[in-house]
Amino acid sequence: MLLKLERPLSAGTGNDMHHLHVSEIEVLDVSGAKIELRPHDASPFVKKGYRSEGVFLSYEKAVDGDSATATHNDFGPGVQYGSEDHWMAFSLAEPHGTVREVHIVAKQPAWFCRAVGARVSLLRDGAVVWEHVFTEENVVGSGTGGGGDVRCEVPLGLQPTPAPQVCVCV
Ligand SMILES: [Ca+2]
C-alpha cells in the first residue's frame with residue numbers, strides 16, 4: 001500500500017501558494033502502532049528538494065522520524081514555478097495492520113494556507129482506497145494560532161474501516 005500526499009496545480013498557483021512542505025507523516029494502525037513508511041517516489045521538484053544551508057529538503061525528510069526536519073519542493077532560480085503537480089509517495093512496510101490514522105505534521109505556518117486543495121490518499125495496487133482533500137476548515141482554521149502544538153483531527157468516514165483520521169499538527 002502507498003500513502004501519497006500531493007498538491008496538484010489545480011489547487012491554485014496564485015499568491016505563491018503552490019508549494020508542498022511537511023515535517024513528518026505518520027500512519028497508525030488500529031492498535032495505535034506506527035506503520036513504517038519508506039520513500040517510494042516523488043515529483044521531480046519534491047524529490048530534489050529545496051537546498052537550505054547546504055541540505056536538500058527532499059521528501060525523505062517526511063519519514064525520518066524527526067519532526068524538526070521538513071521537506072520542501074525545490075524553488076527559486078532555475079525552477080519554473082507552477083510547472084508540476086507536487087507529490088510524494090511512501091510505501092507502508094508489509095505486513096501491517098489496518099490503517100486507523102494518518103498524521104500530517106506541519107510546523108511551517110504557511111502550509112496551512114498552501115495545504116488547501118492538497119490531497120492525502122492511500123492506494124492499493126494503484127487504486128485509491130481512501131483519500132482526503134484539505135479544506136480551509138480543516139487547515140487554515142487550525143493553523144492561524146501559529147506555533148505551539150495544536151492538533152486538528154478530521155474524521156474522514158471512508159475506507160478502510162474503521163475510518164482513519166487525518167491529524168494536522170503545527
Ligand atoms: Ca522530518
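Let's start at V79, which touches F45 and D74 once residues up to four places away in sequence are set aside. V79 and F45 lie 34 residues apart in sequence, yet their C-alpha atoms are 8.2 Å apart in space. You will find V79 in the loop between β6 (55–56) and β7. Is V79 buried or exposed? Neither label fits: V79 has 14 other C-beta atoms within 10 Å, and is therefore partly exposed, since a buried residue needs 20 or more and an exposed one has 12 or fewer.

Keep in mind that this is a predicted model. Its mean pLDDT is 81, and 79% of the residues reach 70 or more. Over residues 141–164, however, the pLDDT is below 50, although this stretch has 49 contacts in the model beyond near neighbours in sequence.

Stepping back, the protein has 3 helices and 12 strands. Of its 170 residues, 35% count as buried. Among contacts between residues at least 6 apart in sequence, 68% join residues at least 24 apart.

Now for the interior. In soluble globular proteins, nonpolar side chains tend to be buried together. Here the largest nonpolar core holds 33 residues, and those touching the most other members are L3, V22, I25 and L37. Two or more core residues come from each of β1 (2–7), β2 (24–29), β4 (37–42), α1 (44–48), β7 (86–92), β8 (99–105) and β9 (119–124). Which of these gives the largest share? That is β7, with 4 residues.

L37 makes a good place to finish. Leaving aside neighbours within four places in sequence, L37 is in contact with L3, I25, V27, V63, F90 and L92.

Methods
Residues numbered from 1 in each chain as written. Predicted model: local features only at pLDDT ≥ 70, side-chain atom pairs only at ≥ 80, totals over all residues. Core = buried A, V, L, I, M, F, W, Y, C linked by C-beta atoms within 7 Å. Contact = placed C-beta atoms within 7 Å. pLDDT = per-residue confidence, 0-100.
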